[in-house]
Amino acid sequence: MNYEAQLDLALNRLHEEGRYRTFIDIERRQGQFPHAVWTRPDGTEKEITVWCGNDYLGMGQHPVVLAAMHEALDATGAGSGGTRNISGTTVYHKRLEAELADLHGKEAALVFTSAYIANDATLSTLRAIFPGLIIYSDALNHASMIEGVRRGGGEKRIFRHNDLAHLRALLEADDPATPKLIAFESVYSMDGDFGPIKQICDLAEEFGALTYIDEVHAVGMYGPRGAGVAERDGQMHRIDLINATLAKAIGVFGGYIAASAKMVDAIRSYAPGFIFTTSLPPTVAAGAAASVRFLKGEGGRALREKHQTQAKILKLRLKGLGLPIIDENSHIVPVHVGDPIHCKMLSDMLLDHYGIYVQPINFPTVPRGTERLRFTPSPVHGPQEIDTLVKAMDALWQHCALNRAEASA
């Protein structure tokens, strides 16, 4: 095989389809989020506003978080020095897991290096713990959940997105004595819609299935103490395994699961993705624990309320322009474009002309024909930032509409 030619073929295919992804070199400035500096390919710099970040509440630069990380860095140094089983468990890891267990009202929690690894390692390992386990997975579950289900082998059933009748039919068709688990999300990040948590828990109880929820885009954001949508809806006690991240609303890095002490102990003991991975640096664990503590209290509640207000304002103003907003009443604001080339063009023009950074979302993250710009407002996106974005989208949307009309003429 001509390996160079094959590499060219693979990369050129992405360019031709308009979905080749480029890294935008940005530097976040402490205390100035969501503002940052973009370094252009020619080395020049431009002030920009980040509109697609997952640091939903700005906790990545919160003084409480930074102080905790400085303290841990001075006390312990940079890295953890090993896996959790071999010298990599510190007081900071134990404190973080205690905070997370308390947040979700569970007996225990287990921290991983990312929520992706937590999903993959946990879902694939459950089959070793429960022989013959059938996993019922929502069709729009995150890639990490899909990979965990696939890698674990065994039987799986894919139910249409949020389709309770389809899920019921699948459950009814299988042997009642077979172990079962229903895996779904609370907030689906590309459309911003919610999973029907109560109804899925009802089905799980009826058919004797375990429940596994991904709260990655909800932890810190919903519920009286920021535990997620399951807390908001009063269903958290009915969920057997909760997965979430430390890298979005919590603002740091890593992922975790929360469950019964026995379930966590089994995952800890059997999951290769946990056993053979170096643990989080103590500085990261300390910062995450401080963020979780803060978000449980009044400060976190105020941030959540302001965040929802900002999201509502942005959606209302973009709808007023007649833009095709996907509004599912969450904090995520997707604008449907429907074409990868136009989506990338809009993203580039927003960055070049207006200093607005929003990454185009193309296949395979979303299905072909549903390409979009996905805005993630935060409590620190103020009236000026929103006004600049709305005016830019108004001008560029009309410009792109004219281009599309000319191209089709």
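Strand S16 (residues 372-375) has Arg372 and Arg374 pointing one way and Leu373 and Phe375 pointing the other, and all of them are buried. Buried here means under 20% relative accessible area, with exposed being over 50% and partly exposed in between (1.4 Å probe, protein chains only). Strands (E, at least two residues) and helices (H or I, at least four) are DSSP runs, numbered from the N terminus.

The model is predicted: local features need pLDDT of at least 70, side-chain atom pairs count only at pLDDT 80 or more, and totals for chains, interfaces and linings use all residues. Residues are numbered from 1 along each chain as its sequence is written, and side-chain values use heavy atoms, with hydrogens and water left out.

**The sheet around S16**

S16 belongs to an open sheet of three strands, ordered S13-S16-S15 with antiparallel pairing. S13 and S15 are the edge strands, each pairing on one side only. Two strands are taken to pair if DSSP finds at least two bridges between them. The pairings of S16 are set out below.

| Partner strand | Bridges to S16 | Opposed residues |
|---|---|---|
| S13 (residues 333-336) | four, antiparallel | Pro334 and Arg374 |
| S15 (residues 360-361) | two, antiparallel | Ile361 and Arg372 |

The two arginines that share a direction from S16 thus appear in both pairings: Arg374 stands opposite Pro334, and Arg372 is the bridge partner of Ile361.

**The protein as a whole**

The protein has 14 helices and 16 strands. Its radius of gyration is 22 Å, close to the 22 Å that the globule rule gives for 409 residues, so the protein is as compact as a globular protein of that length. This radius is taken over C-alpha atoms, and the rule is 2.2 Å times the number of residues to the power 0.38. The C-alpha trace spans about 60 × 55 × 55 Å along its principal axes.

Of the 409 residues, 53% count as buried. Among contacts (heavy atoms within 4.5 Å) between residues at least 6 apart in sequence, 71% join residues at least 24 apart. The protein exposes about 17900 Å², of which carbon and sulfur atoms supply 55%; accessible areas come from the Shrake-Rupley method with a 1.4 Å probe.
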